[in-house]
Amino acid sequence: MPEETSLRISPLTVTLPRRDLKDMLRLVRILFQLSQSPSYRDLVAAELPAVARFDPGHASLMMGYDFHLTDAGPRLIEVNTNAGGAYIALLSERQADVNLPGLRLERFEQRLLKTFFREWHDFSGGGARPLRTVAIIDDNPEQQALYEEMLACREWLTESGIKAWIVPPEMLRITDDGVFVDEQKIDLIYNRHCDFFLESDEMQPLRDAYLGGRVCLSPNPQAYGLLADKRRMIAWSDPTVVDSLPLPAAEKGHLLDIVPYSRLLADLDPREVWARRKDYIFKPVTSFGSRGVMMGKSISRKRFDQLDPGDTLVQQVVLPSILNGGDGQEFKTDVRLYVYRDQLLGVSARLYQGQVTNLRTEGGGFAPVRLV
């Protein structure tokens with residue numbers, strides 16, 4: 001991977017207590033275990049579109065689990081199926097010469113490359129032939145803030161002997177024989193697009209190819225529906241629902257400890273929510289990248305009344321930890337684990353100022369993590 005980047009990397013390093021990382025990884029493994037459970041899948045099936053109930057037989061590339069650190073331990077903020085920033089996290093680790101125990105023997109690129117091979121192996125029923133071609137897709141990829149990360153991904157795939165392209169979905173040619181780019185049949189699509197359930201007109205042909213088993217699509221709608229749909233946090237924070245889950249008692253307790261109270265606005269008394277609004281953050285369940293997210297302390301009555309009750313997650317506020325960056329600057333901090341299945345690939349932090357996470361704060365951005 002190239003060493004120079006115009007993407008925002010903070011010069012600061014974030015410290016992460018080992019016990020917090022242990023608790024975070026424990027949650028990741030609990031949630032992955034749930035996602036593989038038939039009873040859990042049955043529990044959430046009614047809330048999933050048909051495309052997310054389809055099991056493609058493989059997992060999901062580039063899962064991201066975001067946490068805020070508190071005095072009482074880490075708290076899950078959200079789960080992502082196409083978590084960006086891994087390349088920036090890699091470069092930030094290199095710049096600070098930071099390594100995490102257990103991840104030192106292999107470079108991040110090698111760990112990540114193995115996930116592509118595993119996806120292809122599981123999709124193809126054992127990998128009768130090697131993975132040869134990958135298409136990285138997104139909406140107007142060259143206009144995306146993390147386009148440089150896609151370029152880096154294409155570069156190291158190519159260096160590994162895999163032909164790779166970066167294309168918008170409309171440049172895919174989809175036939176009964178498979179998915180093609182430039183007359184080359186594509187084995188695996190690394191999906192950076194945020195139409196998670198493949199519902200838009202431009203994604204419909206790909207949806208048909210995915211359901212027909214004509215291409216390995218990763219991340220995929222099932223992984224998003226089981227883990228990254230914000231409505232899943234409702235079940236994970238509801239003691240009655242958690243009690244019914246196929247987990248040992250200690251794991252149920254850990255789930256309730258680390259997932260903040262989350263409910264749909266439609267299931268709450270709006271008068272009580274308004275009265276306690278400063279305790280909550282409001283998130284559109286279909287949003288991504290902090291779009292439409294509002295802190296209750298800042299929301300106006302008019303905007304509150306405009307919220308769609310069936311599309312708004314009401315979540316207990318978990319304030320981010322604060323890092324003193326010197327010169328009187330303070331940065332809000334969250335920590336992202338990059339995960340494949342239930343295995344850690346890497347860790348990064350994001351430093352920002354303002355209401356929600358962003359990559360625009362001077363002195364902020366992605367930062368390396370040091371365990372303490």
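**Salt bridges and the first helix**

A network of salt bridges links Glu47, Asp229, Arg231 and Arg232. The model behind this picture is a predicted one, and in total it contains 15 salt bridges. Side chains of opposite charge can pair when their charged atoms come close.

Take the pair made by Asp55 and Arg41, whose side chains meet in a salt bridge with an N to O distance of 3.1 Å. Arg41 sits in helix 2 (residues 38–45), while Asp55 belongs to the loop between helix 3 (50–53) and strand 2 (63–70), so this contact ties together parts that are 14 residues apart in sequence. Asp55 is partly exposed, at 42% relative accessibility, and Arg41 is partly exposed too, with a relative accessible area of 21%.

Further along the chain, Arg276 pairs up with Asp279, and the closest N and O atoms of this salt bridge are 3.4 Å apart. Arg276 comes out as partly exposed at 43%; Asp279, at 31%, is also partly exposed.

Then there is helix 13 (residues 301–306), where Asp305 and Arg301 are four residues apart, which means about one helical turn separates them. These two form a salt bridge as well, with their closest N and O atoms 3.1 Å apart. The relative accessible area of Arg301 is 39%, so Arg301 counts as partly exposed.

As for helix 1 (residues 18–35), its 18 residues should span 26 Å at 1.5 Å a residue, and the end C-alpha atoms are indeed 26 Å apart, in agreement. Its buried residues include Leu21, Met24, Leu25, Val28, Leu31 and Phe32, and also the charged-type residue Asp20.

Note on methods. Residues are numbered from 1 along each chain as its sequence is written. This is a predicted model: local features need pLDDT of at least 70, side-chain atom pairs count only at pLDDT 80 or more; totals for chains, interfaces and linings use all residues. Side-chain values use heavy atoms; hydrogens and water are left out. Helices (H or I, at least four residues) and strands (E, at least two) are DSSP runs, numbered from the N terminus. The expected span of a helix is 1.5 Å times one less than its number of residues. Buried means under 20% relative accessible area, exposed over 50%, partly exposed in between (1.4 Å probe, protein chains only). A salt bridge is a side-chain nitrogen of Lys or Arg within 4 Å of a carboxyl oxygen of Asp or Glu.
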